[in-house]
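Here are my notes on this one, written as numbered points so you can check them against the coordinates. Have the viewer open while you read.

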Amino acid sequence: MKPVKKILAVADPTSDAQPAVARAGQLARLCKADLELYIASYYSTLTDIAADQQPAAQKVSEAMLTQLGKNLEQLADGLRRDGVSVSTRVEWRRSLHESIIEEAERCGADLIVKDTHYHTAIDRALFAGIRTGRSFARVTYRSGWSARATSWAKRRP
């Protein structure tokens, strides 16, 4: 097996819990790998608006990206204190799974770590390929690891 030298951790901008970042940090420490924390954010309400509102929407999206970057840097600082080499990147992207694949290529990631959470049957049927990690897993040759906020052991009755 090829040694892991670079890990891409996909943070969830909609959640306070960041299991992917925590797991990736543990792996980076164990493997002595570099870690990149990544957020691809997109809100259609800020993009798909009337032309006369574009400047205001642009300011709001830039402010959101700045805040997400600060949040990501706070996570990174904790990992750096633990001796992990961490970089961060925040982008405004429409397609999450495409942005993850492109970022993994750009940074040379050997491993992608992304969180996963429960989707109802109707969500899976209607949004399969949009909200799930299966989308990028099908089209990338890179290794991936899905992290959960709670362990499987805690979910058992």
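Which residues of α4 are buried? Keep that one in mind while you look; point 1 has the list.

1. To settle the opening question: the buried residues of helix α4 are S99, I100, I101, E103, A104 and C107. Bear in mind throughout that this is a predicted model. The helix covers residues 96-107, 12 in total, and reaches 16 Å from its first C-alpha to its last, close to the 16 Å expected at 1.5 Å a residue. Just after α4 comes G108, with a positive phi of about 75°.

2. The name on that list I'd click on is E103, which is found in α4. Its relative accessibility is 2%, so E103 counts as buried, the cut-off being under 20%. What does E103 touch, leaving aside residues up to four places away in sequence? The contacts are L8, E36, Y38, R89 and E91. For Y38, there is a C-alpha distance too: 8.2 Å from E103, although the two are 65 residues apart along the chain.

3. Now zoom out to the whole chain. The protein has 7 helices and 5 strands, and along the sequence they follow the pattern β-α-β-α-α-β-α-β-α-α-β-α. Of its 157 residues, 37% are buried. Among contacts between residues at least 6 apart in sequence, 75% join residues at least 24 apart.

4. Strand β1 deserves a look of its own. All of it is buried, 5 of the 5 residues (6-10), so the strand is largely enclosed by the rest of the structure. Both faces are covered: K6, L8 and V10 are buried on one side, I7 and A9 on the other. Note that a lysine, K6, is among these buried residues.

5. Which strands does β1 run parallel to? One is β2 (residues 34-41), joined to β1 by 5 bridges, and another is β4 (residues 111-115), joined to β1 by 4 bridges. To find the register in the viewer, use V10, which stands opposite Y38 in β2, and L8, whose bridge partner in β4 is I112.

6. The link from β1 to β2 goes by way of helix α1 (residues 19-31), and β1, α1 and β2 together make a right-handed β-α-β unit. As a geometry check on α1, its 13 residues should span 18 Å at 1.5 Å a residue, and its end C-alpha atoms are 18 Å apart, which agrees. Buried in this helix are P19, A20, V21, A24, G25, L27 and A28. After α1 comes K32, with a positive phi near 55°.

7. On to packing. Nonpolar side chains tend to be buried together in soluble globular proteins. Here the largest nonpolar core has 21 residues, and I7, L35, L37, L79, V86 and V113 touch the most other members. At least two residues each come from β1, α1, β2, α3 (54-81) and β4, and α1 gives the most, with 5 residues. Apart from this core lies another, of 9 residues, among them L8, Y38, I100 and I112.

8. L79 is a good place to centre the view. Not counting residues up to four places away in sequence, L79 touches V21, G25, R29, L35, L37, V84 and V86. Two of the names there, V21 and G25, also appear among the buried residues of α1.

9. What about S61, buried or exposed? S61 sits in helix α3, and its 9% relative accessibility means that it counts as buried. The C-alpha atoms of S61 and W92 are separated by 8.0 Å, with their positions 31 residues apart along the chain.

10. Last, the cysteines. How many disulfides does the structure hold? The count is 0. C31 has 38% relative accessibility and so counts as partly exposed, whereas C107 is buried, with a relative accessible area of 16%.

Terms used:
Residues numbered from 1 in each chain as written. Predicted model: local features only at pLDDT ≥ 70, side-chain atom pairs only at ≥ 80, totals over all residues. Heavy atoms only, no water. Buried < 20%, exposed > 50% of the residue type's maximum accessible area, 1.4 Å probe, protein only. Pairing = 2+ DSSP bridges. Right-handed = clockwise from strand over helix to strand, strands pointing away. Expected span 1.5 Å × (residues − 1). Disulfide = S-S within 2.5 Å. Core = buried A, V, L, I, M, F, W, Y, C linked by side-chain atoms within 4.5 Å. Contact = heavy atoms within 4.5 Å.
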